[in-house]
Each structure stands twice: as C-alpha cells, then as structure tokens.
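User: Could you zoom in on one part of this model for me? I'd like a close look at a single strand and its surroundings, told as one connected story.

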Amino acid sequence: MCSAEERRLHPCAGNSALHHFGEISRSLEGRLLLLLLDYDGTLAPIVNDPSKAFMPDATRHVLEELPKYCTTGVITGRSVEKITAFVGVDNLIYAGSHGFDIVGPDSSHIRHQVAAEHLPRLSVLRQQLEELIVDIPGASVEDNLFAVTVHYRNCSEEHVPLLFARLDRMLSAQEGFRRGSGKKVVELRPDVAWNKGHAVRWLLDALHLSQRSDVFTLYLGDDTTDEDAFRVFCGGESETASSDGGSSTGSSGGGGGGGGGGSGVGADDDDDDIDGEDVDGAPLDEDLDGEPLDGEDIDGAPLNDGDDDEDIDGVPLDEPGGKGAPAGGPGARRRALPPEPQSSDSEGDEAPGRINLLG
C-alpha cells in the first residue's frame, strides 16, 4: 500500500473508492478516462471453484456500455483466453497473466507479450505442481499460460503448512521463477521485471497517453498483485514484495501515470476478503487501522452524514481549501503529476472528455 505521506497526497488512499465517488467524478471533468479493472474480487466474486467465477449479468451490461464513453481494459491473473471467455465483451483491452499477455480488439494495434521464451518451462512446472499437490485435499493447480496458480482456499488449515513447505523445497531447486501470492493462492511467474504496473505503463504508452496532461487513469482492484499498478500512481516503483495471504487494495487514478501530467487520487475499493474479515483481521466495518469506516474520515474528523460533504480534513467541500473542491478550483489540493509536453501524435488533438481510443 502507499506510505503515510502518499496517503496524505492521495486523499482517497486507504478507503473505499465508493466513499469518494463524488470526488473522483469531479476529477474526471474535462479529462480523457482510461479505466482498468481487475477481475476476480472486482468484476466477479471470489468463489471456491475458480472455474465458476462468473461475472453478474448487470456487470457485463455495464462493461458493454463503457467503451462508448472511455477506453476500458481488464487486467487479471487469468490467461487472456480465460478472461475473454469469462467477460465476453468486445472492444475491451484484455491483459492476462498479470499483464504478461496483452491484447486489444481486432481493429486495434494493441498486442504485447512478455517472456514467451519461458512458456515451455512453465508447462513443465505446471505438471510438477500437479504431482506435488496430488495428495493434499482441496489444493488445485490452474494453468494461466504465463503464470501457474496454486489454489488452497479449499484446503483445511492443517494442510496449508505442508503445501507451503513443499513449494519452498521445489522452488529452492529451480531458477527462473518468481513466487507471488493473493487471496488463498500462490502464483509462479517468470522471474522477469514485469507485473500489472508495467502493463499499465505499457498501455499508457501504446495508447499515446503517457505524455498528455488531460488523462485520468482509474484502476480498480482488490488483491496484492493490484498494488503493483497502484504504485504507478503513488509515485513509486511497480515492484512489490511477495507475502502469502491477501492484501487490502483498491483503485487508483492518475493523469498519464507513466510520466504524463494531470492529477490523480488513489483509493481502496474493499478491505475485506471472502472469510468475513479484512486482510489484517479487522472486522469489515473497520478500516485498515482498526478505526470505524462509518462516522469518521481517515484523519478521525467526524463526518456529518457519512457522504462526501466533507473532505478528509473535515473541511466542507464548498469552502476554499477543501480537498473535495472542484478540480482546478482554489481548493483543489490533489497531487499534480509533473506536467509534460503533449504528444505530437494525432491523438493529442482530440477533444478531452470523449472517447474510446480503440475506436
């Protein structure tokens, strides 16, 4: 997650994005929106059987409408083949295997793969993992092309240490793979400098957005691997240390992200996991620091009615200095990323506020 200083600079950080929907909406005024979404836990519920993580029909309908208004993509640990089958919506960007495999609609120029030379070894690794877990009840292995995922949500607690010990022994004897984790999963990927954060930067460049000052990128996610994308907008590197278990993450927005101008905010969309507690064991009605989510803002200042009529310092939004004041007004104190010259590409001449850059 972001540091305390980054949370101060990004008023929404550490809270639900829905609690700051008004502020995010104002930040979008007059800007070109790039919307990037995680799948499991964000567009679809986390379920015991990963092959049945189906997206609600209402969510699919929204995704079908979104490309009319903005460029939209899904970035997930699932393979591109699986995520396109799950979502089933045309005119979206799909980045599978945590961004190792990126594809846009047929009419677009969006196509990128990383570490394809590792595919044969990943296939062998998958077979080894299937043999490794064959006698561990509830464990399963999922092939996500550029990543192999071990699921242990259905394992009893007494079997999890055995599973981790076997994985440790196996990986200590192998080179070229990086271990990551999420909500009841362990993921093995090629040991190369690439993750969801790198994928976001690549997309901004590929769409000719990274040097524009009128871009607002909004990323929504719920798990550890999404933090790599959040760091793009928190001003940090897009690398994150791995740790087993879930992590509270959420949405992050920023103009250009990979170096472009504009303003950005960051936020969590949900601090809970499927077991009824948030990722640090606090009840679902508490934030990451154990403070109540309702009735106080993240600095402890009381809220009058729980909506966004006060900003995080308790200053009414219609007063100068309120962080929720309209973007660009005297009270707009969101961190502005350093301005850069606009791209000389033809996209730079398009009017802000349109538009799906994919056509």
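Analyst: Here's a walk around strand S2 and its partners, ending at a phenylalanine further along the chain. Keep in mind that this is a predicted model.

S2 covers residues 71–75, and 5 of its 5 residues are buried. That goes for both faces: Thr71, Gly73 and Ile75 are tucked away on one side, while Thr72 and Val74 are buried on the other.

Now for the neighbours. Strand S1 (residues 32–37) pairs with S2 in the parallel sense, over 4 bridges. To get from S1 to S2 the chain goes through helix H3 (residues 57–65), and this β-α-β crossover is right-handed. If you want a spot to check the register, leucine 34 sits opposite threonine 71 of S2.

S2 is also joined to strand S3 (residues 93–96), by 3 bridges, and these two run parallel. Here isoleucine 75 faces alanine 95 of S3. With helix H4 (residues 80–87), S2 and S3 make up a right-handed β-α-β unit.

Carry on past S3 and you reach phenylalanine 100, in the loop that leads to strand S4 (101–103). Phenylalanine 100 counts as buried because its relative accessibility is 0%. What does phenylalanine 100 touch, leaving out residues up to four places away in sequence? The list is His112, Gln113, Val114, Ala115, Phe146, Arg189, Pro190, Val192 and Trp194. Take the pair with phenylalanine 146: the two are 46 residues apart along the chain, yet their C-alpha atoms are separated by 6.5 Å.

Conventions:
Residues numbered from 1 in each chain as written. Predicted model: local features only at pLDDT ≥ 70, side-chain atom pairs only at ≥ 80, totals over all residues. Heavy atoms only, no water. Buried < 20%, exposed > 50% of the residue type's maximum accessible area, 1.4 Å probe, protein only. Pairing = 2+ DSSP bridges. Right-handed = clockwise from strand over helix to strand, strands pointing away. Contact = heavy atoms within 4.5 Å.
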